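Trainee: I would like to take a close look at a single part of this model with you, and then follow what surrounds that part.

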Amino acid sequence: MSNRIIEAVRFAEKAHRGQVRKYNGRPYIEHPIRVMYKVMLHPDCTEPMIIAAAEHDTVEDCGITLKEIEEKFGESVAQIVEGLTNPSHGSKLPRAERKAWDRRHLASQLRDVKIIK
């Protein structure tokens, strides 16, 4: 595993520290790590995809900005994380409308984003 991937895991762990999964109370970091490992098994996996998988919830859930992701991990990672970030997050729209908005957003994203999602 590259130093950049290890750095990404540490960054995500720090960002999610103290958060737990809604339904089982397990540490939240287990989810992005699980996603990251699944991405690593994909034949078209790249390092930016692995890093973005580790960071995919930091913008929505931790107050990390896309600018911070770009500064720390580069433009390609930030673009993937942006594609993985639901545009409806924080919206007061009804759930069905939020989910439709998120699906439209995902449909227009890069292949790397769709693989991770």
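Is Glu30 buried, partly exposed or exposed, and what is its relative accessible area?

Mentor: Before the answer, please keep in mind that this is a predicted model. Glu30 is partly exposed, because its relative accessible area is 25%, and a residue counts as buried only under 20% and as exposed only over 50%. The side chain of Glu30 takes part in a salt bridge with that of Arg26, with a distance of 2.6 Å from N to O. Arg26 is likewise in the intermediate class, since its relative accessible area of 43% makes it partly exposed. As a general point, side chains of opposite charge can pair when their charged atoms come close.

Around this pair, it helps to look at the loop between H1 and H2. Gly25 lies in that loop, and with a relative accessible area of 45% Gly25 is partly exposed. From Gly25 to Ala12, which is 13 residues away along the chain, the C-alpha atoms are separated by 18 Å. Tyr28 also has its place in the loop between helix H1, which covers 3–16, and H2, but Tyr28 counts as buried, because its relative accessibility is 12%. Measuring aside, the computed C-alpha to C-alpha distance between Tyr28 and Glu13 is 8.6 Å, while the two residues are 15 apart in sequence.

Tyr28 leads us to the largest pocket, whose lining consists of 15 residues, and Tyr28 is one of those that lie nearest its centre, together with Arg21, His31, Asp57 and Asp61. The space in this largest pocket comes to about 450 Å³. Helix H2, residues 30–40, and helix H4, residues 58–62, each contribute at least two residues to the lining. Sorted by class, the lining of the largest pocket holds 7 charged, 5 nonpolar and 3 polar residues.

Following helix H2 onward, we come to Met36, which is found in that helix and is buried, because its relative accessible area is 1%. The C-alpha atom of Met36 is separated by 10 Å from that of Glu47, a residue 11 positions apart from Met36 along the chain. Tyr37 lies in helix H2 as well, yet Tyr37 counts as partly exposed, because its relative accessibility is 44%. On the surface, Tyr37 forms a nonpolar patch with Met1 and Met40, and the accessible area of these residues together is about 320 Å².

To return to the theme of charged pairs, a search of the whole structure finds 5 salt bridges, and the bridge between Arg26 and Glu30 can be set beside two others. In one of them, Lys72 pairs with Glu7, and the closest N and O atoms are 3.0 Å apart. This pair links distant parts of the chain, as Lys72 is in helix H5, residues 66–73, and Glu7 is in helix H1, with their positions 65 residues apart in the numbering. Lys72 counts as partly exposed, because its relative accessibility is 37%, and Glu7 also counts as partly exposed, because its relative accessibility is 31%.

In the other, the side chains of Arg111 and Asp44 meet in a salt bridge with an N to O distance of 2.6 Å. Here, too, distant parts of the chain are linked, for Arg111 is in helix H8, residues 111–116, whereas Asp44 is in the loop between H2 and helix H3, residues 47–55, and the two are 67 residues apart. Arg111 is exposed, because its relative accessible area is 51%, and the cut-off for that class is over 50%. Asp44, by contrast, counts as partly exposed, because its relative accessibility is 35%.

Finally, helix H1 also holds Arg10, which is exposed, because its relative accessible area is 60%. Although Arg10 and Ala54 are 44 residues apart in sequence, their C-alpha atoms are 9.3 Å apart in space.

Methods. Residues numbered from 1 in each chain as written. Predicted model: local features only at pLDDT ≥ 70, side-chain atom pairs only at ≥ 80, totals over all residues. Heavy atoms only, no water. 1 Å grid on protein atoms, 1.4 Å probe; cavity = no way out; pocket = protein on both sides within 12 Å on 5 of 7 lines; lining within 4 Å. Points joined across faces, edges and corners; volume = space filled by probe spheres on them. Helix = DSSP H or I, 4+ residues; strand = E, 2+ residues; numbered from the N terminus. Nonpolar A, V, L, I, M, F, W, Y, C, P; charged D, E, K, R; others polar. Patch = residues over 30% accessible without salt bridge, like charges linked within 9 Å, V, L, I, M, F, W, Y side chains within 5 Å. Areas by Shrake-Rupley, 256 points an atom, 1.4 Å probe, with all protein chains shown as cover. Salt bridge = Lys/Arg side-chain N within 4 Å of Asp/Glu carboxyl O. Buried < 20%, exposed > 50% of the residue type's maximum accessible area, 1.4 Å probe, protein only.
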